[in-house]
Amino acid sequence: MNETDIQELRARFRGELITPSDPLYDVARKVYNGMIDRRPALIARCADVADVVAGVSFAREKNLLLAVRGGGHNGPGLGVCDGGLVVDLSRLKGIRIDQKNRTVRVEGGALWGEVDHATHAFGLAVPSGFISTTGVGGLTLGGGIGYLSRAHGLTIDNLLEVDVVLADGRLVTASAEENADLFWALRGGGGNFGVVTSFLFRAHPVGAVYGGPIFWPLDKGAELLRFWRDFIQTAPEDINGWFGFATVPPVPMFPAEHHLKKMCVITWCYTGDPAKAEEVFKPIRQFSPPTMDFCGPIPFPVLQSLFDGLYPAGLQWYWKADFFQELSDKAIDLHMKYAERLPSPHSTMHLYPINGAAQRVGKGETAFSYREARFAEVIVGVDPDPANNPRLMQWARDYWLALHPFSSGGGYVNMMMDEGEDNVKAAYRDNYARLAEVKRKYDPANLFRVNQNVKPA
Ligand SMILES: Cc1cc2nc3c(=O)[nH]c(=O)nc-3n(C[C@H](O)[C@H](O)[C@H](O)COP(=O)(O)OP(=O)(O)OC[C@H]3O[C@@H](n4cnc5c(N)ncnc54)[C@H](O)[C@@H]3O)c2cc1C
């Protein structure tokens with residue numbers, strides 16, 4: 001890309017164009033995962049939808065590799081590329097609440113914490129994830145698993161309409177009524193089909209909830225996993241609790257005697273009648289006395305951001321994922337084996353329950369295929385020091401390989417590294433062929449390929 005090309009783009013662009021000589025460049029090219037170190041030729045930080053159209057058209061006309069950046073949280077760093085153009089949406093953060101219809105319109109570069117803040121003022125929430133720093137764009141387009149999944153479904157199950165800039169530069173709207181094939185593919189198919197500049201979500205009355213983490217000793221892990229597996233299968237849908245292994249952070253909120261001890265933690269979110277909360281949690285607390293119990297009334301945005309400080313941007317992250325229909329006793333024993341070998345204090349394994357409302361959508365209704373799965377597993381090796389990467393990666397791979405035979409066969413696209421075509425196909429199973437057809441229609445030259453890529457049929 002030469003200066004004349006950049007001048008040409010500048011003439012039709014209102015936002016910032018950031019080149020390698022710009023003082024902002026090293027900050028602008030950074031993504032959340034510190035393991036990713038890519039150097040794009042140009043970062044086009046869009047000020048509006050016209051800029052997105054200009055950026056996409058420029059990449060197509062000049063035959064440039066194109067990455068689209070939402071919140072920049074993706075594990076394999078799919079919001080940035082080496083040597084090409086990054087269309088950066090981080091300035092597109094507009095959020096508009098329609099109280100009467102309980103809908104929320106969100107621009108393509110917003111973060112979930114920003115949406116939670118805006119909706120909470122009106123006693124509403126959109127189902128998203130378990131942390132506030134992720135981007136609305138990437139999380140939504142991959143599916144969206146979070147605290148409200150059992151009660152209200154995945155994020156895509158609450159998506160009503162999108163505006164999308166296509167590979168040919170056209171801006172179209174997609175919904176159940178308009179461009180329905182595109183709308184189907186966008187709900188789980190990731191960034192393969194275009195740049196979403198605006199999302200319209202259904203919101204739900206969620207204000208203060210009853211939730212937070214409860215810790216048990218690691219040696220209770222197998223028993224706790226069995227209890228949780230059975231409890232969450234039949235629990236009312238307004239209660240969610242995801243299971244994790246954790247190393248207690250050495251910070252004052254935790255008693256010093258527990259610092260750096262490995263433990264099991266279930267982080268809860270109950271959105272039902274507050275008067276019944278203590279009763280609902282009785283069997284959980286009676287199962288075995290918790291070591292630490294931080295569960296109680298809490299505003300939803302506070303619960304969503306509880307782990308933000310523990311996981312600041314810039315750590316090294318290596319991800320592995322799978323879906324499971326069952327959690328057998330044999331699988332539980334294997335989980336315990338790898339929990340004892342957590343390779344660093346930040347490393348963890350989470351099991352998210354996705355039974356309930358998310359299962360009431362058919363597996364052909366959206367591109368997200370694993371609708372019969374009850375649990376989404378994610379194994380992450382995390383540490384501040386890049387020197388530990390080989391150890392983190394080996395642990396995560398070994399752990400994943402040991403559990404994979406018990407899985408449904410594929411993982412959640414938003415929690416995978418860059419693992420190749422076979423794993424993308426396994427993530428979409430029988431929906432892959434239909435995705436490839438939609439891809440051929442809307443992006444036949446595969447302009448949008450810095451993602452968990454679906455090849456045009
Ligand atoms: C700490 C942490 C916690 C997480 N927790 C959860 C969780 O609870 N639940 C969950 O479901 N996931 C979770 N994730 C995974 C998360 O969904 C993915 O990392 C997702 O890709 C992040 O989206 P982003 O917009 O921030 O990422 P980016 O890196 O900006 O983008 C990721 C992909 O999406 C595409 N993309 C982003 N925005 C748009 C857009 N507007 N239009 C078109 N394409 C776009 C990009 O091109 C890229 O291919 C978590 C990730 C992290 C790092």
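Q: What makes the pair formed by the backbone oxygen of K30 and the side chain of R69 a polar contact?
A: In this predicted model, the backbone oxygen of K30 lies 2.7 Å from a polar atom of the R69 side chain. The cut-off is 3.5 Å between N or O atoms, so the pair qualifies.

Q: Why is R69 said to have no salt bridge?
A: The nearest side chain of opposite charge, D88, is 4.4 Å away. A salt bridge needs N and O within 4 Å, so R69 and D88 do not count as one. R69 is buried all the same.

Q: Where does R69 lie, and which residues is R69 in contact with?
A: R69 lies in strand 3, residues 66-69. Leaving aside neighbours within four places in sequence, its contacts include A28, R29, K30, V87 and D88.

Q: Why is R29 called buried and D26 partly exposed?
A: R29 has a relative accessible area of 12%. Buried means under 20%, so R29 is buried. D26 has 40%. That falls between 20% and 50%, so D26 is partly exposed.

Q: What makes R29 and D26 a salt bridge?
A: Their side chains meet at 2.7 Å, N to O. The limit is 4 Å, so the pair counts.

Q: How do you know that E16 and R91 form a salt bridge?
A: Their closest N and O atoms are 2.6 Å apart. That is within 4 Å, so the rule is met. The pair links distant parts of the chain, 75 residues apart: E16 is in strand 1, and R91 is in the loop between strand 4 and strand 5.

Q: Why does D430 count as exposed?
A: D430 has 52% relative accessibility. Exposed means over 50%, so D430 passes. K363 has 37% and is partly exposed.

Q: What makes D430 and K363 a salt bridge, and which parts do they tie together?
A: The closest N and O atoms are 3.3 Å apart. The limit is 4 Å, so the pair counts. D430 lies in the loop between helix 13 and helix 14, and K363 in the loop between strand 18 and strand 19, so the pair ties together parts 67 residues apart in sequence.

Q: What makes I145 a polar contact of the ligand?
A: A backbone N or O atom of I145 lies 2.7 Å from a ligand nitrogen. The cut-off is 3.5 Å, so the contact counts. Taken alone, the ligand exposes 950 Å², and the protein buries 96% of that.

Notes. Residues are numbered from 1 along each chain as its sequence is written. This is a predicted model: local features need pLDDT of at least 70, side-chain atom pairs count only at pLDDT 80 or more; totals for chains, interfaces and linings use all residues. Side-chain values use heavy atoms; hydrogens and water are left out. Helices (H or I, at least four residues) and strands (E, at least two) are DSSP runs, numbered from the N terminus. Buried means under 20% relative accessible area, exposed over 50%, partly exposed in between (1.4 Å probe, protein chains only). Lys and Arg count as positive and Asp and Glu as negative; His and the chain ends are not counted. A polar contact is a pair of N or O atoms within 3.5 Å; within protein, one must be able to donate a hydrogen and the other to accept it, and residues adjacent in sequence count only if both atoms are side-chain atoms. Contact means heavy atoms within 4.5 Å. Accessible areas come from the Shrake-Rupley method with a 1.4 Å probe; for residues, only the protein chains shown count as cover.
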